[in-house]
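Thanks for coming. I have one model to show today, and I will keep to its ligands and its domains.

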Amino acid sequence: MKASLRIAVIGGDGIGPEVTREACRVLRAAAAKGLSDLELTHFPHGADHYLATGETLSEQTFESLRDDFDAILFGAVGDPRVPDGRHARDLLLGLRVRLDLFLNRRPLRLRAPELSPLRSADSAPIDFEIFRENTEGLYVGIGRVEHEGTPDEVAVSESVASRFGVERIVRRAFGHAAPRGLRVTLADKANAVPHMFGLWRRVFAEVAAGYPGVESEMRYVDALAMEMIRVPERFGVIVTSNLLGDILSDLGAEIVGGPGLAPSANVNPGAHGLYEPVHGSAPDIVGTGRANPMAAVLSAALLLRDHGAVDAADAVEAAVDAALASGVRTPDLGGSATTSQVGNWLAKRVGGADTPA
Ligand code: NAD
Ligand code: IPM
Ligand code: MN
C-alpha cells in the first residue's frame with residue numbers, strides 16, 4: 001500500500017490557527033472519502049510558544065520538519081506582542097531558506113467574475129501565477145546601521161542575486177509555461193537597480209533562448225503593476241525577485257477576490273514544500289469568525305496536487321468553487337458565514353457521508 005502523506009501543521013499566530021483548522025478539516029474529509037491517505041501532526045510554534053518557551057524553531061524541531069514529513073501546512077505568523085518579528089523570521093523565512101524552498105508559487109485565478117474589483121473581469125478569465133524567488137534578494141538580511149540615533153544615521157540593506165538562484169527559478173518558470181502555452185514575463189527594476197536586475201535580465205534572456213516556442217518579455221515592475229490592473233488576462237507566469245514577488249502577489253490577490261482567496265506553495269520541487277495562504281495573521285479580525293479559510297484550503301489543495309493526490313486536490317478546489325457559487329462566503333466576499341461554517345461546508349462537500357465530525 002502507498003505510504004501515507006505525512007503533513008506537519010503549523011497554525012502560527014492570529015487567524016493562522018483559525019484558517020488552518022478548517023484546512024485540516026477539509027483534508028481529513030478527503031482522507032475519509034478515500035481520496036488521499038494522510039496523517040496530520042500539529043506543532044505549537046508561533047508567538048505564544050515563543051513567549052512561553054523562548055523557542056522560535058529549535059534545531060530538533062527543524063530536523064524533524066525536514067526529515068519526518070512530506071510537507072508542511074502553515075497558517076501565518078506575526079503578533080503585536082513580538083514587535084521585532086523574531087519568531088516570524090525564524091519560522092517562515094527560516095524554513096524557506098533552510099529547506100531551500102526557492103520557488104514560491106502564487107497562483108491567481110478569478111473563480112467568479114463578481115469577486116474582482118476590475119471592470120474587465122466579466123469578459124476575460126484571469127488565471128496566472130507569480131513565481132517568486134524565495135531565498136535571495138533583499139530578504140537575505142545582510143546590512144548594517146551606522147551612527148544609530150544620530151543625525152548621521154545610515155542604514156544599509158544589501159540585495160543578493162546569484163546566477164544559480166536566478167537561473168533555477170527562471171528555468172522553472174519556462175518549464176511550467178512551455179507545455180501550457182503560457183507567456184513568461186520577467187518583473188524587474190533593471191533601470192534603477194542595474195547590478196542585481198542586470199543579472200536577472202541576462203539569465204532570463206539565456207533561458208528564453210532555449211525555449212523559442214515560448215513567448216517571453218521583460219517588464220519594469222512599476223509599469224507591470226499598472227498592466228496587472230488594466231489587462232490581467234494577458235499574463236501566464238510572472239517570474240520575479242523576492243520583494244517584488246511579495247508585493248505583486250498581494251496586488252494580484254486583490255484582483256481575484258482578496259487575501260481570503262490567494263494560496264501559495266513554497267517548494268523545492270521533489271524535496272520539500274511549505275503550503276500557506278498568501279495573507280498574514282490579520283490581527284484586526286482574529287477571534288471574530290470573519291477570517292476566510294479558503295486561501296488556506298486552496299493551499300492544502302496545492303499540497304495534495306504536488307504530492308500526487310490529484311483527485312483529492314480537484315475535489316477540494318471544486319468544493320471551493322461550489323461554496324462561492326452557493327453564496328457560502330465570509331464577510332470579505334460579501335457573505336455572512338463564519339470561518340468554521342465555511343470550513344464545515346467545504347469538508348461536507350468533499351467528504352459527503354464520510355465526513356468526520
Ligand atoms: P494581513 O494579510 O494579515 O492582513 C491584511 C488585511 O487583509 C487585513 O485587513 C486583514 O483583516 C485582511 N485579511 C487577511 N487575511 C484574511 C482572510 N483570510 N479573510 C479575511 N480577511 C483577511 O497583512 P498585515 O496586516 O500587513 O500583517 C499582519 C501580520 O501578519 C504582520 O505581523 C505580518 O508580518 C504578518 N504576515 C505574515 C504572513 C505569513 O505568515 N505568511 C504573510 C503576510 C503578513
Ligand atoms: C508573505 C509575507 C512574508 C514575506 C512576511 C511575513 C515576512 O508577507 O509570505 O508574503 O514577506 O515573505
Ligand atoms: Mn506578503
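I will start with the conventions, then take the domains, then each ligand.

This is a predicted model, in which local features need pLDDT of at least 70, side-chain atom pairs count only at pLDDT 80 or more, and totals for chains, interfaces and linings use all residues. Residues are numbered from 1 along each chain as its sequence is written, chains are lettered from A and ligands numbered from 1 in the order in which they are written, and side-chain values use heavy atoms, with hydrogens and water left out.

Domains first. The assignment, automatic or from a database, splits the chain into domain 1 (1–107 + 259–357) and domain 2 (117–255). Their C-alpha centres are 25 Å apart. Across the boundary, 16 residues of domain 1 are in contact with 19 residues of domain 2, contact meaning heavy atoms within 4.5 Å.

Now ligand 2. Where does ligand 2 lie relative to domain 1 and domain 2? Both domains give residues to its shell, so ligand 2 lies between them. That shell consists of Arg96, Arg106, Arg132, Tyr139, Asp246 and Val278, counting a residue if one of its heavy atoms lies within 4 Å of the ligand. By class, the shell has four charged residues, two nonpolar and no polar. Here Ala, Val, Leu, Ile, Met, Phe, Trp, Tyr, Cys and Pro count as nonpolar, Asp, Glu, Lys and Arg as charged, and the others, Gly among them, as polar.

Three of the side chains make polar contacts with oxygen atoms of ligand 2: Arg132 at 2.7 Å, Asp246 at 2.8 Å and Arg106 at 3.0 Å. A polar contact with a ligand is a pair of N or O atoms within 3.5 Å. Taken alone, ligand 2 exposes 320 Å², and the protein buries 71% of that; these areas use the Shrake-Rupley method with a 1.4 Å probe.

On to ligand 1. How many residues surround ligand 1? There are 19, and the closest are Val77, Gly280, Ala282, Asp284 and Asn292. The shell divides into 10 nonpolar, six polar and three charged residues.

As for polar contacts, a nitrogen atom of ligand 1 is 2.9 Å from a side-chain N or O atom of Glu276. Oxygen atoms of ligand 1 are also involved: one lies 2.8 Å from a backbone N or O atom of Ala282, and a polar side-chain atom of Asp284 lies 2.8 Å from an oxygen atom of the ligand. Ligand 1 alone exposes 810 Å², of which the protein buries 64%.

That is what I have; questions are welcome.

Notes
A polar contact is a pair of N or O atoms within 3.5 Å; within protein, one must be able to donate a hydrogen and the other to accept it, and residues adjacent in sequence count only if both atoms are side-chain atoms.
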